[in-house]
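Please open the model in your viewer and keep the sequence panel beside it, so that each selection can be followed in turn.

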Amino acid sequence: MTEKTLCPYCGVGCGLEVLPPAQPGKSVHRDSEGNPIWQVRGDRAHPSSKGMVCVKGATITESTHKNRLKYPLLRDSLDQPFRRVSWEEALTRLTDEIKKVSLTHGADGICMYGSGQFQTEDYYTAQKLLKGCLGTNNFDANSRLCMSSAVAGYMQSLGSDGPPCCYDDLEQTDCAFLIGTNTADCHPIVFNRLRKHHKRNRDVKMIVVDPRKTKTAEAADLHLAIKPGTDIDLMNGIAHLLLRWGKFESIFIDECTKGFPEFVEVIKQYPPELVARKCGIRIDHLEEAAQYWGDSERVLSLWSMGMNQSSEGTAKVRTLIDLHLMTGNIGKLGAGPFSLTGQPNAMGGREAGGLAHILPGYRVVKNPQHRAAVEQAWGLPEGRINPNPGRDGWDMIRGLETGEVGLFWVAATNPAVSMPDIERTKKALLKSNFTVCQDAYYPTETAGYAHLVLPASQWGEKTGAMTNSERVVTLCPAFRNPPGEAKADWEIFAAVGRRLGFEKEFNFANAAEVYQEFVGLTRDRVCDLSGLSHQRLREEGPIQWPCPEGETETISSGKRLYTNLHFPTADGRANFAGYHSRGLAEPEDENYPYVLTTGRLYGHWHTQTRTGNIPKITKMHPYPELEVHPRDAKKLGLEETKEEIWVEARSRRGKARLRVKITKAIAPGTVFIPMHWGALWADDAEANALTHPESCPSSKQPELKACAVQIIPINKP
Ligand code: SF4
C-alpha cells in the first residue's frame, strides 16, 4: 500500500509517497548493501512540491535503518562503557536525576535541547513537561541556530511570528530578492519553482546577495557579492535610492505603518558611494538592485541562515521588512518577506512553543495574559509558568560550564557538532553532571558525552504532524515498526511526566490526542490551527493555516497573511525599524586576515547522521574543502597542482585542517568551509572549531556565519 507523508529533511516540506520494498511482479527494492528498503517518490498531489523531490528526499529510506539505536544505554560516568538497561531502569534513573537536580539546583537546573526534526506532538509534549510541569522555561531547540532571528524580526516588525507568504508567490512575483540564502543547494524545490518562473518570464528579475557565487547566484540577473556583515548597509542603501527616486508607497506607509520618519532619518545616511564602498560592490549594481525594487509591482524576498545566523540577525531581518513596508510589498500576491526554515518542522516548533521564550499559539512567556491562558488550558495553578525566558541553546552550554545546569537532556539533535566554538562546547559537556541523549541514531558525537542514551523512533515509525515554511501542515503516518525498543519522543516525555506525578497532564492515549490539545491552544491566534486534527489531515491531505475551527473548506495552498493590511500589533500598524549596521562581531584584522563563512552543500544534511550513510550523497562530497579565491591562494603560496593542497585554518578558538579548493566563486578576503563534518566523519575538519558564540541580543542566534581566521599552508597530514 502507498503511504503519503512528508520529507523529513528541510523546511521546504515536500510531499512523498512511500511504497513497501516488495511490489507485486517487481524485484524487491534494496539499498546498496542489499537491504530491502521502502521506495520513495514525489507526491504529485502535495501542494508545496507538486511531485518534485531532491536527492535527499529521494534517498531517505537508504539511511533510516542504519546506525539505529535500539535499547536504552546507561553509564555512571563518561569513562565507563554503556550497559544496556530496560526502559524501567532508564526512566527511573532519569526521574531520580530530575528530582535530585530540582532539589540541588532548583527547576532551572534542568535543561532540554530539542530539534526541528521533532513532530509537533513531540515539541508540544516536551515544552509542556518543562514549562508547565517542571516549572522551568529551559526548553530550547536547534531552531535557535537556524531561524530565531526570523521569529524575532517578524514579531517586532509585524506584531507576530509567521511568514506572510506562500510558495505560490514564487510563481507570481516580478522580482525575487534572495539574501543570505543558497536556495538552489539548501531549499532545492523552492528554487526549482522560482527558477522555472524566472526562466519562463523574461521580465521577472532575480537578485542574489551572497559573498559566494553559489548555484543560486549563477542563476541571478544580478549577483551582489557583498562583504560579509554588510547586509544592513546594502538594504539601507537600496532604501536610500528608493527614497531619492520617490519610489515608495505613501498611502500604505501612512495608513498601515508607523516609524517611517525615523526610518528616513536613518536611510538618508546611506548614499550610494558610501554603501558601495562598504559593501565592496559597484555603484551601478547597487542602483540596478534599487531599480528592480522600485520598478516591480511585486517583490518577494527569500532568506535563511545568511541573515539569521548573525550577531545582528534580528536587525537584518527587520531591515529587510523595512524595504517591504516602504514599497508596500506585503499582504499581496507574489510579494512579501519570506523566511525559509531549515528544518522540516521548525515551523511546528514555533507554533507549539518550542523555544525558551515562547508558549504554544505564538504566545510569549513574558506576557502575563499569554501565561494565564496556557496555565488555564493545562489545568495548572496561576503563576506556574515562569515569567522569564529560559536558557537558549548556547546559554545551556554556559550553564554546564558554571555548574548551574545539573541535567542536560538533548533530543533529536547533535550539539557536539552544531554548536559554535565546539571545543568549548565539548569541554562544557565533559563537565555535565548528567546528560541524556535521546536519538534515533547511534553513535553520534553527542552520545559520546551522555550518561543515559534513549532510543527514539523516527520518521515513518511514529505518526505526527509537521508544518513547512509556507504553513502547510502534513500528517506523517507510521508505516513501519521502530527498531528494538525505540519509542516516539512524545511518548518518552509523557512517560517521564507521569512518573513525576503529572498523570492527568500526560494522559494521552496517542499522538492524535496530543495534537488535539495543542490545536486548542492556537484558537483565535495568528497561527490558528484549531480546525485541524489527525483525522482531518488523514482524510483531506495537507492543509495550510490559518485554519480556524469551523472552516470546513480544504485549502491546501495559496493563503497569505495580512491581506487586509491589518497587522497583529496593538494599533494594527506594522513597525519600521531603521537600524544602522554594527558589522561582524569578529571582523578580520592583521592577525586573522580572512573572514570565514560557513554553509551547507547540496545533498548533505546537518551533521550527516543520515546523509553520511547514503553512498550517492557521500560520493558527491566525500570530504570537506576550504574554498579560497585564486588571488588569496597566490598570496598564501597555494598553487593548483594535481596533488591535494592542504591548509590549517586557525581562529582565536581552534583550528581545522582541510583540503583546498581554489575557486573564483568565493570573494577575495573570504574563505568558506561546509558545516557538516563532525569528529565522527573527519579528523580535525570541524567548521565550528573556528566559529564564535557571539549572538544577536534580541534573537540569541549565534553568528555561525562569520569569524576571523588565518590560513596556514600545511603538508598533507
Ligand atoms: Fe526534502 Fe527539502 Fe529536498 Fe524537499 S527540498 S525533498 S523537503 S530535502
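Begin with the ligand in this predicted model: select domain 1 (1-62) and domain 3 (155-339) in two colours, and you will find that the ligand lies between them, because both domains give residues to the shell around it.

Next, display the residues of that shell, which number 14, and pick out Cys7, Cys10, Cys14, Cys54 and Gly57, the ones that come nearest to the ligand. Then highlight helix H1 (55-58) and helix H6 (188-200), since these are the elements that give two or more residues to the shell. If you colour the shell by residue class, nine residues are nonpolar, four are polar and one is charged.

Now leave the ligand and turn to the sheet, where five strands are paired in parallel and follow the order E10-E9-E8-E12-E13, the sheet as a whole being open. Select strand E10 (222-224) and strand E13 (336-339), which stand at the edges; each has a single partner strand, so one side of each is left without a neighbour in the sheet. Looking across the strands, you can follow a twist that averages 15° from one strand to the next.

Stay at the E10 edge and add strand E9 (residues 205-209), which runs parallel to E10 and is joined to it by three bridges. To see one bridge pair in detail, show Val208 together with His223, its bridge partner in E10.

Finally, colour the model by confidence: the protein averages a pLDDT of 97, with 100% of the residues scoring at least 70, and for the complex the predictor gives an ipTM of 1.00 and a pTM of 0.97.

Definitions and conventions. Residues are numbered from 1 along each chain as its sequence is written. This is a predicted model: local features need pLDDT of at least 70, side-chain atom pairs count only at pLDDT 80 or more; totals for chains, interfaces and linings use all residues. Two strands pair if DSSP finds at least two bridges between them. Helices (H or I, at least four residues) and strands (E, at least two) are DSSP runs, numbered from the N terminus. Axes are lines fitted to C-alpha atoms, for helices over the stretch in contact, and angles run from 0 to 180 degrees between N-to-C directions. pLDDT is the predictor's confidence in each residue, from 0 to 100. A residue is near a molecule or strand if its C-beta atom, placed from the backbone, lies within 6 Å of it. Ala, Val, Leu, Ile, Met, Phe, Trp, Tyr, Cys and Pro count as nonpolar, Asp, Glu, Lys and Arg as charged, and the others, Gly among them, as polar. Domain bounds come from an automatic or database domain assignment.
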